[in-house]
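Open your viewer and get ready to click along. At each stop you will select something, look around, and then move on.

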Amino acid sequence: MTNQEVSKVLDDIATMLELVGENPFKCRAYERASRELENSIENVEDLIETERLGDLPGIGKALVEKITELVTSGRMSYYEELRDKIPGGLFDMLKIPGFGPKKAYAVYRDMDITTLDDLESAAQSGRLSGISGFGKKTEERILAGIQSLKERVGLHRLGDVLPCAEMIVDQLRACPAVRRISYAGSLRRMKEVVKDIDILVSSDDSDTVMDAFTRIEFVRETVVRGTTKTSVALDSGINCDLRVVANQSFPAAMQYFTGSKDHNVHLRSIARDLGCKVNEYGVFRGEAVIPCASEQEIYESLNLKYIPPELREDTGEIGAAANGTLPDLIDTTDILGMLHCHTRWSDGSNSVAEMAEAARKRGYRYLAICDHSQSSHVANGLSADRVREQWEEIETVNRSMEDFVVLKGIEVDIKNDGSLDYPDEIMEQFDIVVGSVHQNLHMPSAQMTERLVSALSHPHLDILGHPTNRLILSREPSRFDMDAIIETAAQHGKVLELNGHPWRLDLNWLHCKRAARRGVKIAITTDAHSTADMDLLRYGVGTARRGWLTKGDVVNSLNADEFRSLFSL
DNA sequence: GCCGTTTTCGGCCCGACTGTTTTCAGTCG
């Protein structure tokens, strides 16, 4: 059983406890335990086997017992008892904005409403006003909420949202009433999926800023308009919140609205221990404000080193900031080589020369062309003959460029039995080999593990491409034993890819953390199919930063000579 | 439910906003 599966059960328990009005701190204990497991780089089964589950913060005697029952027997009686008591439809109701556990349980208890549809018709007929605490406005909000639930899916890929947020920031910056501006929230933490856009502005004239905001051309409708907060829906279906604060509160508000919630909760308990208080307006000792001109000074006022947004998930970064062991995170400027790129030879849209020039212009020193191999028919994969022709073209381009080198790479299909898609006499001539699974993505876990282990043991494979094959919000990852893959990569000195394409981000940040801890090197790539795709690198780097990766963990931060010698070229 | 170098019981982050209310509960981030 995976950490994610256990985490989901704990999360459901927390929700059900909230619904029945349990002690909110008990609910939070389950939520915390859920998140602790979800974010743990340790496998829950290993933790149980070695009796270290209780070492995780927030997991005590009772939870160790319940989680052990779940993992060893596949069931948890406590969970099943709760589930028998609470209709599943109540979970759906919680997705209605402004409709929380108390209201959901009230409609169930007082009117026996158990589904969204029943709730909708009850609200339409005005029957809900009979319940204490429910009025006309509440019914209207429920109806509007159900309507917007039907229209919008809740989550969006980082790559779809970040450019949008940057456009909004650029447009608002032109408004003279705006003093400081930035996007915040999970977007700033570079989470792979985000729910909405949070924009923060400091200004002395919030009304003018709000006007400018609601008049942005791709704003579809204004949902809430206030003096400190305005919410709009964009044409793309994404919600965007703008908050306006006084200029002196901007750093504290940035810290606060960047989150994560867990990070902030932990930070405030640190503040409390120091006799201070942190909120979105500043850091306070009693009534007195401790002046902070930047986020950095906020952290310093709590005796912590500055914590980059990508680390703020309460997975140990606060402890590391306290004792000075925060990692020196990889940065986009550290990346010197653009790896895993496609050209017109397979399914890319630019030539080798165009890709090389684009990479050189962006400041990279080398480029690995990795087109598809012969089995990838739909992707116009290269036969052995076409591979040789491509090599000639790459050599021509190399002769024409100074201080830049194009490597002869391939993204070779890993076949069902783990073998690679060309005979050895071709394989051995590539400079760099990325091996990826493109067919039969959902074979049984044991079989997929064997397939990947076998590929990683192949002497000519250098990098395992997009290891889990997931497509974010679209395709589930392949199932296999990730720890076995990491272990095999470590033993054979192989590299794992962090495919930075915003649909993939594969490995994900937690896998990166696990791999790096085992000493496995990571290649941050773009999987570029055009010159423009090279700009996707920042999503890969953002994910790497979330995974605590440093320059030393990433092979394409090496310069061209170091890189060539790592792969014995 | 967790946690503790003042505590094994009594805490557990904090404030804004909203709607239904005469002083507050619920929701949200």
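## A tour of chain A

Begin by selecting Pro459, which is exposed, with a relative accessible area of 63%. This residue sits in the loop between α20 (445-456) and β15 (463-464). Now add Cys240 to your selection: the two are 219 residues apart along the chain, and their C-alpha atoms are separated by 50 Å.

**How confident is the model?** Keep in mind that this is a predicted model. Try colouring chain A by pLDDT, which has a mean of 91, with 99% of the residues at 70 or more. Where in chain A is confidence lowest, and where is it highest? The low end is helix α9 (residues 136-151), with a mean of 81, while strand β17 (residues 522-525) is at the high end with 98.

**Into the core.** Next, select Leu367, Val406, Tyr422, Phe430, Leu496 and Ile524. They belong to the largest nonpolar core, which has 60 residues, and they are the ones that touch the most other members. Helix α17 (residues 352-361) gives the largest share of this core, 5 residues. Apart from it lies another core, made of 43 residues, including Leu47, Leu56, Ile86 and Ala106. As a general rule, in soluble globular proteins nonpolar side chains tend to be buried together.

Zoom in on Leu496 and show what surrounds it. Leaving aside neighbours within four places in sequence, Leu496 is in contact with several residues, among them Ile463, Leu464, Ile485, Ala489, Val520 and Ile522.

**A pocket to look into.** Select Leu461, Asp462, Lys494, Leu566 and Phe567. Of the 22 residues that line the second largest pocket, these lie nearest its centre. The pocket holds about 310 Å³ of space. Colour the lining by class and you should find 12 nonpolar, 5 polar and 5 charged residues. Helix α21 (residues 482-492) supplies the largest share of the lining, 3 residues.

**Two helices.** Move to helix α5 (residues 77-85), where Tyr78, Tyr79, Glu80 and Leu82 are buried. Show α1 (3-19), α2 (24-38) and α4 (61-73) as well, since the buried residues of α5 pack against them.

Then select helix α13 (residues 250-258). Why is this helix described as largely enclosed by the rest of the structure? Because 8 of its 9 residues are buried. Among them are Phe250, Met254, Gln255 and Phe257.

**Unusual backbone spots.** Stay at the end of α13 and click on Gly259, the residue that follows the helix, with a positive phi near 70°. The peptide bond between Gly259 and Ser260 is cis, with omega about 0°. Ser260 itself is in the loop between α13 and α14 (261-273).

For another cis peptide bond, go to Asp506 and Leu507, where omega is near 5°. Leu507 is in the loop between β16 (495-499) and α22 (509-517).

Now for Asp314, which is not a glycine and yet has a positive phi of about 55°. Look for Asp314 in the loop between α15 (295-301) and α16 (317-322). Is Asp314 buried or exposed? Its relative accessibility is 12%, and the limit for buried is under 20%, so Asp314 counts as buried.

Finish at Asp527, in the loop between β17 and α23 (537-546). Asp527 also has a positive phi, near 55°, in a residue other than glycine. With 5% relative accessibility, Asp527 counts as buried.

Notes: Residues are numbered from 1 along each chain as its sequence is written. Chains are lettered from A and ligands numbered from 1 in the order in which they are written. This is a predicted model: local features need pLDDT of at least 70, side-chain atom pairs count only at pLDDT 80 or more; totals for chains, interfaces and linings use all residues. Side-chain values use heavy atoms; hydrogens and water are left out. pLDDT is the predictor's confidence in each residue, from 0 to 100. Helices (H or I, at least four residues) and strands (E, at least two) are DSSP runs, numbered from the N terminus. On a 1 Å grid over the protein atoms alone, a cavity is a set of points where a 1.4 Å probe fits but cannot get out, and a pocket is an open set with protein on both sides within 12 Å along at least five of seven lines; lining residues have an atom within 4 Å of a point. Grid points are joined across faces, edges and corners, and a volume is the space filled by probe spheres set on the points. Ala, Val, Leu, Ile, Met, Phe, Trp, Tyr, Cys and Pro count as nonpolar, Asp, Glu, Lys and Arg as charged, and the others, Gly among them, as polar. A nonpolar core is a set of buried Ala, Val, Leu, Ile, Met, Phe, Trp, Tyr and Cys residues joined through side-chain atoms within 4.5 Å. Buried means under 20% relative accessible area, exposed over 50%, partly exposed in between (1.4 Å probe, protein chains only). Contact means heavy atoms within 4.5 Å.
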